Amino acid sequence: MSSGGHIVKLSTCALNQHSLSFSTNLSNLLSACSLARSSNSSYLLTPELSVPGYGCEDHFHEGDTEAHCWEVVASLLNKG
C-alpha cells in the first residue's frame, strides 16, 4: 500500500428478520450497526431484504410496504 492509503473495515451480519415486521427488523439492524460501530467498522453489509424481510410475496407491490421500508431507512440514518 502506498503512503496515505486508507484502510477500510467491513463488517457483515446475519440477521433473523421477519416478514413485514418493520419494528423488529429495525431493532435488529440497529443492534448490528452498534456492533459494527464498536468494532470500528467503516461499513456494515446486511443481507438483501433485511428491512422488509423475506416472504412478502405480493406485499412488495403495495405502496405502504415501500413507505415503511423508507421509514426504517430514515430511522437507521438518524439512529444507526
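**Group meeting: a walk along the chain**

Let's start with S31, which sits in helix α1, residues 22-38. This is a predicted model, so keep that in mind throughout. Is S31 buried or exposed, or in between? Partly exposed, with a relative accessible area of 40%. Now take a pair. S31 and A14 are 17 residues apart in sequence. In space, their C-alpha atoms are 12 Å apart.

Next, strand β1. It covers residues 10-12, and S11 is in it. S11 has a relative accessible area of 14%. The cut-off for buried is under 20%, so S11 counts as buried. What does its side chain touch? The side chain of S11 makes a polar contact with the side chain of S41, at 2.2 Å.

Now backbone angles. Most residues other than glycine have a negative phi. Here are two with a positive value. Phi of L20 is near 60°. Phi of N40 is also near 60°, and neither residue is glycine. Where are they? L20 lies in the loop between β1 and α1. N40 lies in the loop between α1 and β2. Their accessibilities: L20 is at 30%, partly exposed. N40 is at 63%, exposed.

On to the surface. First, the nonpolar side. Which residues make the nonpolar patch? V8, L10, Y43 and L45. The patch measures about 430 Å². Take Y43 from that group. Y43 is in strand β2, which spans 43-45. Its relative accessibility is 54%. Exposed means over 50%, so Y43 makes the cut.

Then charge. E57, D58, E62 and D64 gather on the surface as a patch of negative charge. Where is E57? In the loop between β2 and α2, with α2 running over 63-79. E57 has a relative accessible area of 62%, so E57 counts as exposed.

Let me recap. Two surface patches: one nonpolar, with Y43 as one of its residues, and one negative, with E57 among its members. Two positive phi values, at L20 and N40. One buried serine in β1, S11, in polar contact with S41. And S31 in α1, partly exposed.

That's the tour. Over to you.

Methods
Residues are numbered from 1 along each chain as its sequence is written. This is a predicted model: local features need pLDDT of at least 70, side-chain atom pairs count only at pLDDT 80 or more; totals for chains, interfaces and linings use all residues. Side-chain values use heavy atoms; hydrogens and water are left out. Patches are made of residues with over 30% relative accessible area and no salt bridge: like charges are joined within 9 Å, nonpolar side chains (Val, Leu, Ile, Met, Phe, Trp, Tyr) within 5 Å. Accessible areas come from the Shrake-Rupley method with a 1.4 Å probe; for residues, only the protein chains shown count as cover. A salt bridge is a side-chain nitrogen of Lys or Arg within 4 Å of a carboxyl oxygen of Asp or Glu. Lys and Arg count as positive and Asp and Glu as negative; His and the chain ends are not counted. The place of a charge is taken as NZ of Lys, CZ of Arg, CG of Asp or CD of Glu. Helices (H or I, at least four residues) and strands (E, at least two) are DSSP runs, numbered from the N terminus. Buried means under 20% relative accessible area, exposed over 50%, partly exposed in between (1.4 Å probe, protein chains only). A polar contact is a pair of N or O atoms within 3.5 Å; within protein, one must be able to donate a hydrogen and the other to accept it, and residues adjacent in sequence count only if both atoms are side-chain atoms.
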